Amino acid sequence: MDARIEKIYCPMTESAFYILLSLQQERHGYGITQRVKKLTKNHIVIGPGTMYGTLAKMENDGLIELTKVAEKRKYYRITPLGMEVLNREKERIRYLYQIVQEDET
């Protein structure tokens, strides 16, 4: 992974994490918002400014790609680099969870 990408995305913001997690399947912005709401039981709602700013940045950095435009909706999907970043973040979260679990015993 490129050092610049690692510096920007490791650790990730919650919004970036949930956007990448949602884009394991092709989705448009509204679809991502709905998926995040479902995953988090409405605890996290990504606003349009955050959503489209993050999508543009991730596309520019090569973490996601535009797959199609249909009826004025842009559809995106995670790239292999995006999966690498997402998997690294998942491992970091697992590690944090493990520390918390060990501390409670």
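**Exercise 1: the sheet.** Work out how strand 1 connects to strand 3, and from there the order of the whole sheet.

*Solution.* This is a predicted model, so we're reading computed geometry throughout.
- Start with strand 1 and strand 3 (residues 73-78): two bridges join them, and they run antiparallel. Two bridges are just enough, because a pair of strands needs at least two.
- Find a residue pair to look at: His28 stands opposite Tyr75 in strand 3.
- Now go to the other partner. Six bridges join strand 2 to strand 3, again antiparallel, and here Leu66 has Tyr76 as its bridge partner.
- Put it together: the three strands make an open sheet in the order 1-3-2, with antiparallel pairing. Strand 1 (27-28) and strand 2 (64-70) are the edge strands, each pairing on one side only.
- While you're at Tyr75, check its ring: Lys68 lies over the face, 4.7 Å from the ring centre.

**Exercise 2: two helices crossing.** Decide how helix 2 and helix 3 are oriented relative to each other, and list the residues that make the contact.

*Solution.*
- Two numbers set the scene, since packed helices are described by the angle and the distance between their axes.
- The axes of helix 2 (residues 14-22) and helix 3 (residues 29-39) come within 9 Å and cross at roughly 105°.
- Angles of 65 to 115 degrees count as roughly perpendicular, so helix 2 is roughly perpendicular to helix 3.
- Helix 2 brings Tyr18, Ile19, Leu21 and Ser22 to the contact, and helix 3 brings Ile32, Arg35, Val36 and Leu39.
- Next, burial in helix 3: Gly29, Gly31, Ile32, Thr33 and Val36 are buried. The buried residues of this helix pack against helix 2, strand 1, helix 4 (48-61) and strand 3.

**Exercise 3: the aromatic pair.** Which two residues form an aromatic pair, and is it stacked or edge-to-face?

*Solution.*
- Search the whole structure and you get one aromatic pair.
- The pair is Phe17 with Tyr18, at 5.3 Å centre to centre and 75° between the planes. Planes over 60 degrees apart count as edge-to-face, and that's the class this pair gets.
- Check accessibility too: both Phe17 and Tyr18 are buried.

**Exercise 4: odd backbone spots.** Find a cis peptide bond and some residues with positive phi, then place them in the fold.

*Solution.*
- The background to keep in mind: most residues other than glycine have a negative phi, and most peptide bonds are trans.
- The cis bond joins Cys10 and Pro11, with omega about 0°. Pro11 sits in the loop between helix 1 (3-9) and helix 2.
- Moving on to phi, Lys41 has a positive value of about 50° just after helix 3.
- Asn42 also goes positive, at about 70°, although it isn't a glycine. Asn42 belongs to the loop between helix 3 and helix 4, and it counts as exposed because its relative accessibility is 53%.
- In the hairpin of strand 2 and strand 3, two residues lie between the strands, and Glu71 takes a positive phi near 50°.
- Lys72, in the loop between strand 2 and strand 3, has a positive phi of about 65°. Lys72 is exposed, with a relative accessible area of 86%.

**Exercise 5: the whole chain.** What pattern does the protein follow along the sequence?

*Solution.*
- Count the elements: five helices and three strands.
- Read them in sequence order and you get α-α-β-α-α-β-β-α.
- For overall dimensions, the C-alpha trace spans about 55 × 35 × 20 Å along its principal axes.
- Finish with burial: 33% of the 105 residues are buried.

How values were computed: Residues are numbered from 1 along each chain as its sequence is written. This is a predicted model: local features need pLDDT of at least 70, side-chain atom pairs count only at pLDDT 80 or more; totals for chains, interfaces and linings use all residues. Side-chain values use heavy atoms; hydrogens and water are left out. Helices (H or I, at least four residues) and strands (E, at least two) are DSSP runs, numbered from the N terminus. Rings of Phe, Tyr and Trp (its six-membered ring) pair if their centres lie within 6.5 Å; planes under 30 degrees apart count as stacked, over 60 as edge-to-face and the rest as tilted. Buried means under 20% relative accessible area, exposed over 50%, partly exposed in between (1.4 Å probe, protein chains only). A charge sits over a ring if NZ of Lys or CZ of Arg is within 6 Å of the ring centre and within 35 degrees of the ring normal. Axes are lines fitted to C-alpha atoms, for helices over the stretch in contact, and angles run from 0 to 180 degrees between N-to-C directions. Angles under 35 degrees count as roughly parallel, over 145 as roughly antiparallel, 65 to 115 as roughly perpendicular and the rest as oblique. Contact means heavy atoms within 4.5 Å.
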